[in-house]
Amino acid sequence: LSELPPLEDVGRPPAPPREDAQPPEQGAGDSAGEPQEWLDVLGNGLLKKKTLVPGQGVDSRPRKGQDVTIRLKATLEDGTVVEEDPALTFTLGDCDVLQALDLCVQLLEMGETALIVSDAKYCYGAQGRSPDIPPNTSLTLEVELLAARDAPDLELLSGKEKIQLANRKRERGNFFYQQADYVLAINSYDIALRIVGSSSKVDFSPDEEAELLDVKVKCLNNLAASQLKLDHFKAALKSCNLVLEHQPGNIKALFRKGKVLAQQGEYREAIPILKAALKLEPSNKTIHAELSKLVKKHADQRNVETEMYRKMLGNPSAAGTPGKCKDKLPWSIPWKWLFGATAIALGGVALSVVIAARN
């Protein structure tokens, strides 16, 4: 979302002249003289909004971070109703709902009813929603903005409320992960972790503390999986290490840490970590397969390194006999290497003499 233009500055239709008695959506025309009823929200033609019932003015629009309540009716192109909610509440800007709603509700005035036509990209995408929304399906959303209020203060939430809120964000991240939208998944997991890690003025019970830790570990594990999908290896490694600080025997964190190291070519470090995970769960076929693959890659890597060292030392052939190579081996090392080694040795002797003299 950071790459999108600020919604407040995007193609808002000009206000109609005050002496004009036409409805607001018909008060401005394009260059061809036709009424401009639809607002192209992102400028790509994939997300459009039209006002059906005007609201209370621009100043009544909700702000990001507020909890908003809307009336929602979603239909397919053939008019089939696939979702109705008389009072859907979510945090604006947190990607708690369809992107089409998150982007367009920011443009609604209090009391306004609008029609939103969205491409599948900003709804359920290529996955769809079984069984009622097929893949790559556009939706028409009828939305009325009912209320907007500041989100609750995280410091004042009870343990139960904080757990519920963090889990809701985590589950949203899981939804995006299943949709293969790993950027938005990371966003949701980050929000959940921020909630869990926020300071509190309320005392929590030991059970609530344990449950919050469990939510944190799940979010970090899922965050690492999403970061791994995007090849953000450094970030994924950090997420895995944070899990292992709390739970050294967490199999998912061990497995993903091993995969991250393997992706970076660190087979020697990755193999012991995967062996530790396999020891905790010997029947896990996924760990078995990954470990076997890494052992083979590590062996290939060592063979390449050995061959490289042989060439550096002037012995590219491994098949020759010692007798044939005896004249070459001692003199194949460059003179500057021998000179450097001699200088280091003499320097060490001199240093020993100085220390002995001082003592």
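## A TPR repeat, a core and a buried lysine

UniProt, in an unreviewed entry, puts the feature "repeat: TPR" at residues 251-284; such annotations may be inferred rather than shown by experiment. The structure here is a predicted model, where local features need pLDDT of at least 70 and side-chain atom pairs count only at pLDDT 80 or more, while totals for chains, interfaces and linings use all residues. Residues are numbered from 1 along each chain as its sequence is written, and side-chain values use heavy atoms, leaving out hydrogens and water.

Here are two stretches side by side. Helices are DSSP runs of H or I with at least four residues, and strands are runs of E with at least two.

| Stretch | Distance between end C-alpha atoms |
|---|---|
| Residues 251-284 | 10 Å |
| Helix α4 (residues 206-229) | 35 Å |

Residues 251-284 are 79% helix and 0% strand. As for α4, its 24 residues should span 34 Å at 1.5 Å a residue, which agrees with the model; the expected span is 1.5 Å times one less than the number of residues. Just after α4, D231 has a positive phi of about 65°.

Now for the inside. The largest nonpolar core (buried nonpolar residues joined through side-chain atoms within 4.5 Å) has 73 residues, and L47 and L141 are among those touching the most other members. Helix α3 (residues 182-197) gives the largest share, 9 residues.

K162 sits in helix α2 (residues 159-178). K162 is buried (under 20% relative accessible area, 1.4 Å probe, protein chains only). Yet K162 has no salt bridge (Lys or Arg side-chain nitrogen within 4 Å of an Asp or Glu carboxyl oxygen); E155, the nearest side chain of opposite charge, is 8.4 Å away.

How values were computed:
Buried means under 20% relative accessible area, exposed over 50%, partly exposed in between (1.4 Å probe, protein chains only). Lys and Arg count as positive and Asp and Glu as negative; His and the chain ends are not counted.
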